[in-house]
Amino acid sequence: DDFISMASHELRTPLSIIRGYADFMREAPELSKETKDYVTKIDTSAKDLDLLVADILDVSKIEQGRISFTFEKLNPTALVEQVVSSLEIPAKEKGLGIHFDKTQIDNDQYINVDINRLKQVLVNIIGNAVKYTVKGEVNVKQYKEKEKIYIRVSDTGIGMTEEERAKLFEKFYRIRTKETEDIRGTGLGLWITAQIIKEMNGIISVE
């Protein structure tokens, strides 16, 4: 765990430099369109690697009990809306609809959470819905029921078996099918998500 933590921190600096130079190169007027496309691919891969490093760091912190939270009272509506908006372009590129249903939201829907960690959870769950949906739509809904706030994400994705559902929040578990073989991932995201939600006294479930 100590080695992983140290190595992950050390990876962060060169990754930031790579992404910084990629941004700089993209603005260079003398580059051809083809070369700019290559630079974009460099930046995309560096971003993917940065996210992987972040996941590894989170796993290390969680397992060592070193993950910290700053709790504050929050109506999550604006945060959910922000995350949904940030995923509109990836959804549109796949021909998917993405919607946030606010019809059952009132001003009294507050929870006590770490805002940055809640955002991380929402990006992971809603992002997964977009990632694993081939056609149709992703719907996000916030509502209150029996003094609990629910944020529900539903999609028209590829689905899963009962056995796959039972293992979904296990570390390194990924559903391996013909439909998922080209989708990149480590199987850490949902495990981290489940641990964060547990630490914030919430519950995550799937059906």
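Biologist: What makes the pair formed by the backbone nitrogen of Thr70 and the side chain of Asp114 a polar contact?

Modeller: In this predicted model, the backbone nitrogen of Thr70 lies 2.7 Å from a polar atom of the Asp114 side chain. The cut-off for two N or O atoms is 3.5 Å, so the pair counts as a polar contact. The backbone nitrogen of Arg117 also has a polar atom of the Asp114 side chain 3.0 Å away, which is within the 3.5 Å limit.

Biologist: Why is Asp114 called a cap of H5?

Modeller: Asp114 sits in the loop between strand S3 (111-113) and H5. One of its side-chain oxygens lies 3.1 Å from the backbone nitrogen of Asn116, at the N-terminal end of the helix. Leaving out residues up to four places away in sequence, Asp114 touches Ser68, Phe69, Thr70, Phe71 and Met200.

Biologist: Why is no salt bridge assigned to Asp114?

Modeller: The nearest side chain of opposite charge is that of Arg117, 5.4 Å away. A salt bridge needs a nitrogen and a carboxyl oxygen within 4 Å, so this pair does not count. Asp114 is nevertheless buried.

Biologist: Which residue does form a salt bridge with Arg117?

Modeller: Asp58 does, with the closest N and O atoms 3.2 Å apart. Asp58 belongs to helix H2 and Arg117 to helix H5, so the bridge ties together parts 59 residues apart in sequence. Both partners are buried.

Biologist: How do you know that the pair Glu81 and Lys102 is a salt bridge?

Modeller: Their closest N and O atoms are 2.6 Å apart, and the limit is 4 Å. Since Glu81 lies in helix H3 and Lys102 in the loop between S2 and S3, the pair links parts 21 residues apart in sequence. Glu81 has a relative accessible area of 33% and therefore counts as partly exposed. Lys102, at 37%, is likewise partly exposed.

Biologist: What separates Glu163 and Lys167 along helix H6?

Modeller: They are four residues apart in H6 (residues 162-167), which means a separation of about one helical turn. Their side chains meet in a salt bridge at 3.6 Å, N to O. Glu163 counts as exposed because its relative accessibility is 55%, whereas Lys167, at 31%, counts as partly exposed. Elsewhere, salt bridges with shared partners join Arg19, Asp23, Arg26 and Asp43 into one network. The structure holds 12 salt bridges.

Biologist: How do you know that the end-to-end distance of H5 agrees with its number of residues?

Modeller: H5 has 17 residues (115-131), and at 1.5 Å a residue these should span 24 Å. The end C-alpha atoms are 23 Å apart, which agrees. Among the buried residues of H5 are Arg117, Leu118, Val121, Leu122 and Ile126.

Biologist: Which element gives the most to the largest nonpolar core?

Modeller: That core has 29 residues, and Val84, Ile98, Leu118, Leu122, Ile126, Ile192 and Ile196 have the most contacts inside it. Helix H2 (33-63), helix H3 (77-86), strand S2 (97-101), H5, strand S4 (137-145) and helix H7 (189-199) each supply at least two residues. H5 gives the most, with six. Leu122 touches Leu79, Val80, Val83, Gly127 and Ile151, again leaving out residues up to four places away in sequence.

Biologist: Why is H7 called mostly covered?

Modeller: Eight of its 11 residues are buried, and the cut-off for buried is under 20% relative accessible area. Trp191, Ile192 and Ile196 are among them. The cover over these buried residues includes H2 and H5. After H7 comes Asn201, with a positive phi near 65°.

Biologist: What makes the phi angle of Lys146 worth listing?

Modeller: The angle is positive, about 50°, although Lys146 is not a glycine. Glu147 is not a glycine either, and its phi is positive at about 65°. Lys146 is located in the loop between S4 and strand S5 (148-155), and Glu147 is in the loop between S4 and S5. Lys146 counts as exposed because its relative accessibility is 78%. Glu147 is exposed as well, with 69%.

Biologist: Why is Leu11 classed as it is, between buried and exposed?

Modeller: Its relative accessibility is 42%, so Leu11 counts as partly exposed. Leu11 is found in helix H1 (residues 2-26).

Conventions: Residues are numbered from 1 along each chain as its sequence is written. This is a predicted model: local features need pLDDT of at least 70, side-chain atom pairs count only at pLDDT 80 or more; totals for chains, interfaces and linings use all residues. Side-chain values use heavy atoms; hydrogens and water are left out. The expected span of a helix is 1.5 Å times one less than its number of residues. Buried means under 20% relative accessible area, exposed over 50%, partly exposed in between (1.4 Å probe, protein chains only). A polar contact is a pair of N or O atoms within 3.5 Å; within protein, one must be able to donate a hydrogen and the other to accept it, and residues adjacent in sequence count only if both atoms are side-chain atoms. Lys and Arg count as positive and Asp and Glu as negative; His and the chain ends are not counted. Contact means heavy atoms within 4.5 Å. A nonpolar core is a set of buried Ala, Val, Leu, Ile, Met, Phe, Trp, Tyr and Cys residues joined through side-chain atoms within 4.5 Å.
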